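Me: Could you take a close look at the aromatic rings in this structure and walk me through how they are arranged? I would like one connected account that I can follow with the model beside me.

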Amino acid sequence: MAVDRRKFLRLTGLAALGVAAKPIGILAQEDIPAEISGKLPQENPLTAKRWAMVVDLEKCRDHENIKDCAAACHRVHNVPEFDNPKDEIKWMWEEDFRHAFHEQEIEHLPEKFEYTKVPLLCNHCDNPPCVRVCPTGSTWKRESDGIVMMDWHRCIGCRYCIAACPYGSRSFNWRDPRPFIKETTPEFPTRMRGVVEKCTFCEERLAQGQIPACVEAAKNDAIAFGDLEDPNSKVRELLRERYSIRRKPGLGTHPEVYYLL
Amino acid sequence: MYDAGKVIVGLVIFLALLTFPTWYNVATGKATYVPELEKAVKGDQCVADTEYMRAEHMDLLNEWRDKVVRDGERIHTAPDGTKYNMSLTMTCLDCHSNKANFCDKCHDYLSVDPYCYDCHIIPEVTK
């Protein structure tokens, strides 16, 4: 089989990632062999008991960083870009600190947080309200690793989940998204008019041994991703060392996206 | 019976007209038309027996879909032991790369219209 340039780059990239990720324990799998067949994803999937994400807000003061993460996510998942905000589809987006954490009722915010943009995405709650209301089972919490999954084949577009989600993490396709996708990635299907969509913690990339697209795109390790149940994982290490907050903890949803102050 | 001759002639003409489409198609050879399918660009075997694929590929695709999306399994093992990534775009349309001259040709003939491509991407045909 001839190895073309793209494939070569992908292989070296993956190999480098394996080397880079090993010491910080993001990878559940010990070693990634030099050759990964692009066609066979399940050979080296990344697995965890409970996936979680830790965002370092110190490193989010650089606006472009968060923008790049969101752009990477939207590119690999064929997320359309609409001019009209009412039609907007978002898997990852940014928000002012005050707005992202309004339940903290902050009166006097340290100045540095005034300039901090918070990346928001699906929180992959331990107790997801969207799952409870879905009448078709097209969204559910995967028992093996806690990801709140989407089955786009079953979504009937009732939008109960949008009403139930307290984080605004779900978007509805009011219009045919296809004409608004700048560059189509064939690996991931688009959605169609009438279905709901959201972040899936890059479940399809994990299955291929790749870390989520936003984590990969984040500069200065602004976003860490790993197994919350593993005391030696990067995320646990960060949560041990730094003070972290989550969005709307009072609702009892138990978000699994943590923000380091 | 009154006017038996006329009635019988009328009936014969009526039956001839009624069955005209059939006669016409037989006479012009259209009745034996079967769509000619473009060969797969890769491999000499499908992901399952050809007979099975011809009759049951929609069930196989549903099975793939459920396995990938619901169960997180992504590898299909063909009868000959070859392993495939269970993906409509990346696997089926990798070998049957000209969808229009394969899937669509047969589907149009049989008047089947899968809606999968509202979301699943059809790779561009490179000539």
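**A close look at the aromatic rings**

Reply: In this predicted model, one ring to begin with is that of Phe172(A), because a charge sits over a ring when CZ of Arg is within 6 Å of the ring centre and within 35 degrees of the ring normal, and Arg159(A) lies over the face of Phe172(A) at 4.8 Å from the ring centre. In chain B, Lys99(B) lies over the face of Tyr117(B), at 4.2 Å from the ring centre.

Turning from charges to rings that pair with one another, the count over all chains comes to 11 aromatic pairs. In one of them, the ring centres of Phe101(A) and Tyr259(A) are 5.3 Å apart and the planes stand at 80 degrees, so this pair is edge-to-face. Phe101(A) belongs to the loop between α3 (97-100) and α4 (111-114) of chain A, while Tyr259(A) belongs to strand β10 (residues 257-260) of chain A, so the pair ties together parts that are 158 residues apart in sequence. Phe101(A) is buried, with a relative accessible area of 0%, and Tyr259(A) also counts as buried, at 0% relative accessibility. Together with Phe97(A) and Phe113(A), these residues, Phe101(A) and Tyr259(A), form one aromatic cluster.

Another pair joins Trp152(A) and Phe188(A), whose ring centres are 6.1 Å apart with planes at 90 degrees, so it too is edge-to-face. Trp152(A) lies in the loop between β5 (148-150) and α6 (160-164) of chain A, and Phe188(A) in the loop between β6 (171-172) and β7 (196-197) of chain A, so this pair ties together parts that are 36 residues apart in sequence. Both Trp152(A) and Phe188(A) are buried.

Key
Residues numbered from 1 in each chain as written. Chains lettered and ligands numbered in written order. Predicted model: local features only at pLDDT ≥ 70, side-chain atom pairs only at ≥ 80, totals over all residues. Heavy atoms only, no water. Phe/Tyr/Trp six-rings, centres within 6.5 Å; stacked < 30°, edge-to-face > 60°. Helix = DSSP H or I, 4+ residues; strand = E, 2+ residues; numbered from the N terminus. Buried < 20%, exposed > 50% of the residue type's maximum accessible area, 1.4 Å probe, protein only.
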